[in-house]
2 protein chains.
Amino acid sequence: MSFERFLVEVRGFLEENQIVLDREHLSHFSYDATERQYMPQVALLPESTGDVSRIMKCACLHGVPVTPQGGRTGLSGGALPVRGGVVLSFSRLNRILEIDEANMFAIVEPGVISNNLQIELGRRGLFFPPDPSSTVDSTLGGNVAENAGYTRAVKYGVTRDYVRGLEAVLPSGDVITLGGKTLKNVAGYDLISLLVGSEGTLAIITKITLRLLIRPRVRRTVVAYLNNLPEAADLIVAVFRSGIVPCAIELMDNIAINTVADHLGAALPRDAAALVLIETDGHGKEEVEVDALDITNLCRQSPGVTEARLAVDEAEAERLWTYRREVLPSLKALGKDHLEADVVVPRYNLPFLVRFTGGLEHSDAIRIATYGHAGDGNLHVTILHRRRNFSELEEAYRLLELIYRETVAMGGSLTGEHGVGLTVMDYLPMQIGGEALPLMKRIKAAFDPGGILNPGKIFPD
Amino acid sequence: MSFERFLVEVRGFLEENQIVLDREHLSHFSYDATERQYMPQVALLPESTGDVSRIMKCACLHGVPVTPQGGRTGLSGGALPVRGGVVLSFSRLNRILEIDEANMFAIVEPGVISNNLQIELGRRGLFFPPDPSSTVDSTLGGNVAENAGYTRAVKYGVTRDYVRGLEAVLPSGDVITLGGKTLKNVAGYDLISLLVGSEGTLAIITKITLRLLIRPRVRRTVVAYLNNLPEAADLIVAVFRSGIVPCAIELMDNIAINTVADHLGAALPRDAAALVLIETDGHGKEEVEVDALDITNLCRQSPGVTEARLAVDEAEAERLWTYRREVLPSLKALGKDHLEADVVVPRYNLPFLVRFTGGLEHSDAIRIATYGHAGDGNLHVTILHRRRNFSELEEAYRLLELIYRETVAMGGSLTGEHGVGLTVMDYLPMQIGGEALPLMKRIKAAFDPGGILNPGKIFPD
């Protein structure tokens, strides 16, 4: 690797204000929501696909590592430059290039903030379902790279389900164009699905074509409180067996409820073992109302439910959803460190997973908060500890591994939406055995023979 | 390649009745729905994943080509052994291994006939949306290999959207297990999406885990007749812009209408330029009824519509759908040869594509029938000709190329659901330019370095 020669070449075609070298400004590009930190040698701010292509050609020639970076809201460390080199920041490739109302597609650059697209679409009565909690900071490029999930995935699927076209720059600097504004396409291998969720390790995404939906006109939210956490999981399974497909089913345990109540000063029942939020949506007011009432009645008849009711108006619904979105920020505000298992199990195993995590023996210094997208079987099991206290840190990792082992034993996955990145990397062989990991590495090599793109991610050494 | 030594080894672990060598029985494995024919040297009938693994180990060692084969209903030649060698038939790996009602998943072997799964699911009130026209003969393994589409894709998506787990045998004989009964999973690259639609060129699928839905309780079908084909395409675009999401919108042109009327003795209006079938479904009777009435009214107000009405009962709806499904068999029964373009365009371009195909100058000997999944922008443009008449054959191919060029110019895809196989292979570079095809070939090599799996498909030389 010859970083100095790389830099000389890059200066030949980028403006000085596209190149960040001083330590103070560089530190901005060194961390993400995992709160881990790795300093890059330089941050480059491309303004066009041509810039990205030229940067990659130079990086390829000189063997310089390149880590693409969006809003740095990732929870698995995917955007951290662990091997130094270049951070490629998409802050200036942030234009909504087209909103095609007739075909119901949008074309965006990767640096567009997720929520900015939602606002533009909302004005047109359109809708892009994937809407992660980090939507006001996260970028669409990052959402695509991580195949972001979100609360409405139960009904509407995840990011991959909406990406129909991509422009991407290969590590060689070659630009490829895949798919477009068509709903179906089986011409050749599905490289789009492969790139979505590849965590920036295969190619640099420079344009994204997204399928859109008509915005549902009505939504209703049901809230239920239970005095028993495993029965909350039972309730979630029961809702699906009724045949209704809600657009979101979320769970908060007692620790999450109390932490949010403290943090936001919210009037939440502090004794409840679980809060379950269920949202239905649709185009017809009556049909949504009927579903919401059916769900409310089903909740009231379920074991462990102490209270279940419809949110009286949109304002109350929005307040309830704010409580849910504020779980992670509230847990962070506790000042404790947290290790989070983003685990998914087959939905029917949810009660068993919750029973397992609830029964985990651990010291009083450690607390385990559980919340998340229970309707998908996807929970964020959060182990609160102090990482500067060695025995607590050790115990937290012991608990994390136990949760991972149980998840795999239940036929689940170690990560439902956060990605592998750094945080899950060492555990990946627990889930993916045999020839599958070596095969993934061969696919990585087919894209990136020099291993310069986001090195040190996904694959354990 | 040493076919003889391969055969000696295979005889060591397969029973005689799993090995087909005589020409008469072999010819059964030599053709598919393209009506092209290539003789294999042997057909092998594995009865377990172990059989497949051992066969692949031997084939890998001796460099023998292996072409996996399901129900041979493919329309792109994906299951034809163009380089001879082995046909691996899945006729004996045809068990429904599990229908997990609680988690709403099914696990099947690749040789299960698609319709047999539908019947089993129907008994349980469950539903696997992908249901290709060939459902009574096609296998689920074939559906997965080709990422089969079908009429309901408009609302429910295609096969890839339902495959959540796969067991597959690599060309080396190694068995890999991917995913499972979880709704979300971002652990490593999405090899499942890559294998779905890879047309049997990357790995041999031996087990499939499919996500299921609750069967919609109600469906209503609207039929509209028009005196103008491009206005039928306009109508389809208008339905979507109204905000209703039908589960199917299908189109038949005048030639398709008359051919079906002749073939089935059906009382169809022979003067109509177009027949549009629109189906809505759901769980609530009223909501479906309201949507169906709204669509009927929208049809009645649309230019070119001469008649639009709701099917009076399920029997009439089923009859209308039979007419649609019988288009291809009826066209085949005409005794003419057909070249079919399985093209997709952005939905709003549909009227322009239909105008283009309608305006194509051609001799009286040739006719162009258009029908298909218009709701997805996916049409099967069928050029009827006599292939033993050289000038007609040449003209048919000239027309096919013109249709392909226009499709690509409109931002479309050369194949929406049939796959590339043999039939689209030579045209693929029109759509996929630059480094994307070489990249796909490197991915092929990452799976199959010896190039023994379904050789001579997808990639033009």
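How many residue pairs are in polar contact between domain 1 of chain A and domain 2 of chain A? Keep that in mind while we walk through this predicted model.

**Stop 1: colour chain A by domain.** Make four selections from the domain assignment: residues 3–89 for domain 1, 96–214 for domain 2, 218–327 for domain 3 and 335–426 for domain 4. Now hide everything except domain 1 and domain 2 of chain A, whose C-alpha centres are 22 Å apart. Where they touch, you will find 14 residues from domain 1 of chain A and 16 residues from domain 2 of chain A.

**Stop 2: the contact between the two domains.** Here is the reply to the opening question: 2 residue pairs are in polar contact, both residues at pLDDT 80 or more. Salt bridges between domain 1 of chain A and domain 2 of chain A number 0. The two domains bury about 1100 Å² between them, and carbon and sulfur atoms make up 66% of that area. Show Thr49(A), Met56(A) and Thr73(A) as sticks: this trio supplies 39% of the area that domain 1 of chain A buries against domain 2 of chain A, more than any other three residues.

**Stop 3: the elements on the domain 1 side.** Select α3 (49–62) and β3 (66–69) of chain A, each of which supplies at least two residues of the side of domain 1 that touches domain 2. The top contributor is α3(A), with 6 residues. Colour this side by class and you should see 6 nonpolar, 7 polar and 1 charged.

**Stop 4: bring back chain B.** Show both chains whole. In this interface, 73 residues of chain A are in contact with 73 residues of chain B. Chain A and chain B bury about 5700 Å² between them, 63% of it from carbon and sulfur atoms. On the chain A side, pick Lys184(A), Val186(A) and Tyr189(A), which lose the most area to chain B and together account for 18% of what that side buries.

**Stop 5: polar links between the chains.** There are 6 salt bridges between chain A and chain B. For one of them, zoom in on Asp190(A) and Arg160(B), whose side chains meet at 2.9 Å, N to O. Across the interface there are also 18 residue pairs in polar contact, both residues at pLDDT 80 or more.

**Stop 6: helices facing chain B.** Elements supplying at least two residues each to this side of chain A include α8 (229–241), α10 (285–300) and α16 (436–447). Finish on α16(A), which gives the most, with 8 residues. By class, the side of chain A that touches chain B holds 31 nonpolar, 24 polar and 18 charged residues.

Methods
Residues are numbered from 1 along each chain as its sequence is written. Chains are lettered from A and ligands numbered from 1 in the order in which they are written. This is a predicted model: local features need pLDDT of at least 70, side-chain atom pairs count only at pLDDT 80 or more; totals for chains, interfaces and linings use all residues. Side-chain values use heavy atoms; hydrogens and water are left out. Domain bounds come from an automatic or database domain assignment. Contact means heavy atoms within 4.5 Å. Buried area is the accessible area (1.4 Å probe) that two parts lose on being put together, summed over both. A salt bridge is a side-chain nitrogen of Lys or Arg within 4 Å of a carboxyl oxygen of Asp or Glu. A polar contact is a pair of N or O atoms within 3.5 Å; within protein, one must be able to donate a hydrogen and the other to accept it, and residues adjacent in sequence count only if both atoms are side-chain atoms. Helices (H or I, at least four residues) and strands (E, at least two) are DSSP runs, numbered from the N terminus. Ala, Val, Leu, Ile, Met, Phe, Trp, Tyr, Cys and Pro count as nonpolar, Asp, Glu, Lys and Arg as charged, and the others, Gly among them, as polar.
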